[in-house]
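Got your viewer open and a selection box ready? Load the model below and follow along, stop by stop.

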Amino acid sequence: MSNNPEFVKFDKVDKSYDGKVLVVKDLQLDIAEGEFITMLGPSGSGKTTCLMMLAGFETPTNGEILLDGNIISNIPPHKRGIGMVFQNYALFPHMTVYENLAFPLRVRKMQKDEIDKKVDKALSMVSLNGFETRMPGQLSGGQQQRVAVARALVFDPAVVLMDEPLGALDKNLRESMQYEIKHIHESIGVTVVYVTHDQSEALTMSNRIAVFNDGKVQQLSNPSELYEKPVNSFVAEFIGENNTFNGEVSDISGGKCKVKLSNGEILATAISVKSKGEKTTVSLRPERALIDPSEKMDNMFSGKIEEVIYHGDHTRVRVNLLGNSEFILKVPNSTSNLELKVKQDIKIGWNSSDARALDPK
Amino acid sequence: MSSETKQILTTDGIPLEVSLKKAEKKNKIKAFLLVAPLLLFLFITYVFPIGEMFTRSVDDRMVTNMLPKTFKAMESWDGKELPQEEVFTAFYSDFKLLVENETQGKLGQRLNKEKNGFNTITKKLMRLIKRNKIDESQSIKEQIMKIHKRWANVEYWQAIKRTAPPYTMAKYLKGMDMYFAADGSIAQVDEDRRIHRILWLRTLEIALFVTIFCFLMGYPIAHLLATLPMKYSNLLMICVLLPFWTSLLVRTASWMILLQTQGVVNDFFVMIGLVADDNRPTMMYNKVGTYVAMTQILLPFMVLPLYSVMKTISPSLMRAGKSLGGTPFVAFWKVYFPLTIPGIGAGCLLVFILAIGYYITPALVGGASGTLISNQIAYHMKATLDWSFASAMGLMLLSGVLVIYWVYNKLVGVDNIKLG
């Protein structure tokens, strides 16, 4: 497959609804052919607006959207050939499952036997054969979701948009649907643009994730990089758990920096700080800080346990460390378990490569 | 024995069903008491009057009660030739009793409706009885036949016999411009006197067209109401409901001001040069006026059910239709429109039923063409005091509505109606 790296292109797109506030600011985003890209962000961050502009239900205030090299800003939604899965499925309640799936094919004036073949194929893809004559109201939430996915794919669109499609499902069903959608994507290689505010959903499913905040893409990278190497404190905060220290850079050299806190000094990797005296927020993942580390680490401090919370596979320990009483540690529940008690003093260490000095919060 | 062992018992040994009934009994009584006032109200204001109306429309016991002996004697009469002496004697003794009670006038009027000329001959008979001119020792038949030649005419005796059954469908036949002929068969009235059939057809026609106009105008308004942002839709909703807050008569009167030949609308047409000043179109005292005024008055009844249904249709359905490749029209026609059918059904049924019984507005705005069946009912209630005929026509109207309701149920299903 010759992958076009700019299959979908947002070129300097701005969007405003009221002429006062920009919902999307200067969006520059390339989506490769066959890619599963997720737009992740809190509500009101502009991710759904981007999706609606791509689908054609909203027009960009400025800039262009290109699909396979063609400007599509002036093409109405029904001529774009983009499949879409809606938040509440948007199945046609007065049509059977078969008629729902046949709708996009019938408006394209396909032959009856061809429609039958395609509907059958799409239904087997979501393992719903035999449900043709059911009405959407007779299906469970998960089944409706699968019909919606099948309907968005049945007419072989180049791009499929999914707008928080799993939001209404319960946790277990959501997880199994995540894998199902991921497998469908892998097997047919369609380009998927997925919108969600659920970070674990984004991390499990996507090739790349665009983190939106305040109308801008904060970071665009693959899931592991996003988690391991957040480029700013919003991304660090939004993706996964995060311990933070606010302080001031006291020394900087060779990619490392010393950060002076209110009571102590820590060593961190300099990411968005450039010079001495800058304010910064240092971010550290809870599982990267260890209790009584056996090996030598360049940050070693002692703190007092404030709270111990049992979580089954791991225990969370809240520690007062360097004046931060919200410092969280994740301790795996292995056989050689430590005795952790409230008010106990413990030694905690981490490597400066895991501590990232980002922009101040 | 085996059936008893199958029965599920509670821990106290009482059968579960009995125990459940006992537990639910209190709730059932409570629920019934809560709706009892409404049931009573419905009975007094709805079931009872309609029942009363029905009895009144078929009731024909007046003559039966006035001439009991006559009808008894007439049982053996074949009704082809003049009746026997006994019938005349029985009639004479019945009539004499009426004269003594001075109620014979009612009988004369009633029989006169059955056969013209009865009023004169009963009056003549009454006068003779009062003056004691009838010799009861002689043949009554001979003496009565001598009073007036009509008494010797078999048709008049046939007419009396026709009033014998305590119930009659004559009023219903009259409502359809038909009557019982002398031989008891059903006949049509003369063509130039078939007034009721014209009125029925006109009523149906006006109700039908008003429903169509209301639908054509109400659908876009309801759609706008359901899709506009809240602050605009509230304003529009007030505009839709505004007519409800104005008296029906005031609205009708304002239409008269607007539509008359020298009225505002015509003035405007003349001003913009659409029509010549000496050639102003008549928009009132004809069907145009009736359609305009009734459509405006009944429009909210179409808009509200449509609105309540459209409000529940998710906008993402139209979007889904478009994103799947349907043009805006296809998305509307295949997705949106079928989902609004319950509202269309409810609105049309409501408007049609209200329009079919409309009364004041067509009478004021419609002129000669504005006389509908309801006006006829009112006329017989107030002017001719023929309440049984008014009741019969009222029931015919009611059954017409029930038929429409039944057809609607067959076509769309009443369960699909949504009023809000």
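Start by selecting A:D26, keeping in mind that this is a predicted model. Is this residue buried, partly exposed or exposed? A:D26 has 14 C-beta neighbours inside 10 Å, and since buried would take 20 or more and exposed 12 or fewer, A:D26 counts as partly exposed. You'll find A:D26 in strand β2 of chain A, residues 22-31. Check the backbone while you're there: phi is positive, about 45°, although A:D26 is not a glycine.

For another positive phi, hop over to B:Y285, where the value is near 60° in a residue that, again, is something other than glycine. B:Y285 belongs to the loop between α14 (264-271) and α15 (287-311) of chain B. With 19 C-beta neighbours inside 10 Å, B:Y285 is classed as partly exposed.

Stay on chain B and pick B:T103, in the loop between α5 (85-101) and α6 (104-114). B:T103 counts as exposed, with 12 C-beta neighbours inside 10 Å. Draw a distance line from the C-alpha of B:T103 to that of B:I353: the two are 42 Å apart in space and 250 residues apart in sequence.

Now go back to chain A for a contrasting loop residue. Select A:P230, between α7 (223-228) and α8 (233-238) of chain A. A:P230 has 25 other C-beta atoms within 10 Å and is therefore buried. What does A:P230 touch, once residues up to four places away in sequence are set aside? Light up A:Q219, A:V235, A:A236, A:I239, A:S283 and A:R356. A:S283 is worth a distance line from A:P230: C-alpha to C-alpha they sit 9.0 Å apart, with their positions 53 residues apart in sequence.

Next, the inside. The largest nonpolar core has 95 residues, and the members touching the most others are A:L54, A:L161 and A:V193. Colour helix α4 of chain A (residues 141-153) too: with 6 residues, α4 gives the most to this core. Then centre on A:L54. Leaving out neighbours within four places in sequence, A:L54 is in contact with A:V8, A:I65, A:I82, A:L161 and A:V193. Apart from this core there is another one of 43 residues, including B:L225, B:M294, B:Y307 and B:L349.

Time for a pair of helices in chain B: select α16 (residues 315-323) and α17 (residues 328-356). Their axes come within 9 Å and cross at roughly 130°, so α16(B) and α17(B) are oblique to each other. The crossing is right-handed. To see who meets whom, show side chains for B:L317, B:M318, B:G321 and B:K322 in α16(B), then for B:P328, B:A331, B:K334, B:V335 and B:Y336 in α17(B). Sorted by class, this contact has 6 nonpolar, 1 polar and 2 charged residues.

Keep those helices selected and bring chain A back into view for the last stop. How many residues of chain B are in contact with chain A? There are 15, meeting 18 residues of chain A. On the chain B side, the elements giving two or more residues are α16 and α17. The largest share, 6 residues, comes from α16(B). Colour that side by class and you should get 7 nonpolar, 6 polar and 2 charged residues.

Methods. Residues are numbered from 1 along each chain as its sequence is written. Chains are lettered from A and ligands numbered from 1 in the order in which they are written. This is a predicted model: local features need pLDDT of at least 70, side-chain atom pairs count only at pLDDT 80 or more; totals for chains, interfaces and linings use all residues. Axes are lines fitted to C-alpha atoms, for helices over the stretch in contact, and angles run from 0 to 180 degrees between N-to-C directions. Helices (H or I, at least four residues) and strands (E, at least two) are DSSP runs, numbered from the N terminus. Angles under 35 degrees count as roughly parallel, over 145 as roughly antiparallel, 65 to 115 as roughly perpendicular and the rest as oblique. A crossing is left-handed if the near helix is turned anticlockwise from the far one by less than a right angle, and right-handed if clockwise. Two residues are in contact if their C-beta atoms, placed from the backbone, lie within 7 Å. Ala, Val, Leu, Ile, Met, Phe, Trp, Tyr, Cys and Pro count as nonpolar, Asp, Glu, Lys and Arg as charged, and the others, Gly among them, as polar. A nonpolar core is a set of buried Ala, Val, Leu, Ile, Met, Phe, Trp, Tyr and Cys residues joined through C-beta atoms within 7 Å.
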